[in-house]
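Colleague: I should like to learn how to read the features of a protein model. May we work through one together?

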Amino acid sequence: SEIAVWMDFACIDQDNLPLRLKGIRSLLGYMARCDTVIVPTLEKPPYAMVHRMIGGYGERAWTRLEAFGFYVLSLLEGKTRP
């Protein structure tokens, strides 16, 4: 049995426009293949919600898009605790 993990750290190249566009287009496909998400932090976050994480992490549009995408996918998969 295999488990696919999304580790949110430098997943899409931000400096190379063609690679960035390819990464954006394939984002949902990669997300749909993952079983879980890991968000590395320097200290334990006080909340489990991405938009309330320390260091302004949840203020970035990318991180909110990823969190929303994983939430919607978990609802579509019928998970009881998305």
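Colleague: In which part of the chain is Pro 40 placed?

Modeller: Please bear in mind that this is a predicted model. Pro 40 sits in the loop between β2 (36-38) and α2. With a relative accessible area of 36%, Pro 40 is partly exposed, because that label covers values from 20% to 50%. Pro 40 and Met 7 are 33 residues apart along the chain, and their C-alpha atoms are separated by 7.5 Å.

Colleague: How many helices and strands are there in the chain, and in what order do the elements run?

Modeller: The chain holds 2 helices and 2 strands. Read from the N terminus on, the order is β-α-β-α.

Colleague: Let us take the helix α1. What span should its 16 residues have?

Modeller: The general idea is to allow 1.5 Å a residue. Helix α1 comprises residues 17-32, so a span of 22 Å should result, and the 24 Å between its end C-alpha atoms agrees with this. The helix also has a kink of about 50°, centred on Ser 26.

Colleague: Which residues of α1 are buried, and what covers them?

Modeller: A residue counts as buried when its relative accessible area is under 20%. In α1, the residues Gly 23, Leu 27 and Met 31 are buried. The cover over the buried residues of α1 includes β1 (5-7) and α2 (61-76).

Colleague: Is Thr 63 buried or exposed?

Modeller: Thr 63, which lies in helix α2, has a relative accessible area of 2% and is therefore buried. Between Thr 63 and Val 39 there are 9.7 Å in space, C-alpha to C-alpha, although the two are 24 residues apart in sequence. For the chain as a whole, 21% of the 82 residues count as buried.

Colleague: What share of the contacts comes from residues 24 or more positions apart?

Modeller: Among the contacts with a separation of 6 or more, such residues account for 62%.

Colleague: Let us turn to charged side chains. Why can two of them pair?

Modeller: Side chains of opposite charge can pair when their charged atoms come close. A search of the whole structure finds 1 salt bridge. In this salt bridge, the side chains of Lys 79 and Glu 77 meet at 3.3 Å, N to O, and the pair qualifies because the limit is 4 Å. Lys 79 has a relative accessibility of 38% and so counts as partly exposed. Glu 77 is likewise partly exposed, its relative accessible area being 45%.

Colleague: Which residues form the nonpolar patch on the surface?

Modeller: The patch is formed by Ile 3, Val 5, Met 7 and Ile 38, which together have about 390 Å² of accessible area. Val 5 belongs to strand β1. With a relative accessible area of 44%, Val 5 is partly exposed, and so passes the requirement of over 30% for membership of a patch.

Colleague: How much accessible surface does the chain have, and what part of it belongs to carbon and sulfur atoms?

Modeller: The accessible surface of the chain is about 6500 Å², and 59% of that belongs to carbon and sulfur atoms.

Methods: Residues numbered from 1 in each chain as written. Predicted model: local features only at pLDDT ≥ 70, side-chain atom pairs only at ≥ 80, totals over all residues. Heavy atoms only, no water. Buried < 20%, exposed > 50% of the residue type's maximum accessible area, 1.4 Å probe, protein only. Helix = DSSP H or I, 4+ residues; strand = E, 2+ residues; numbered from the N terminus. Expected span 1.5 Å × (residues − 1). Bend = angle between axes of the 7 residues up to and from the residue. Contact = heavy atoms within 4.5 Å. Patch = residues over 30% accessible without salt bridge, like charges linked within 9 Å, V, L, I, M, F, W, Y side chains within 5 Å. Areas by Shrake-Rupley, 256 points an atom, 1.4 Å probe, with all protein chains shown as cover.
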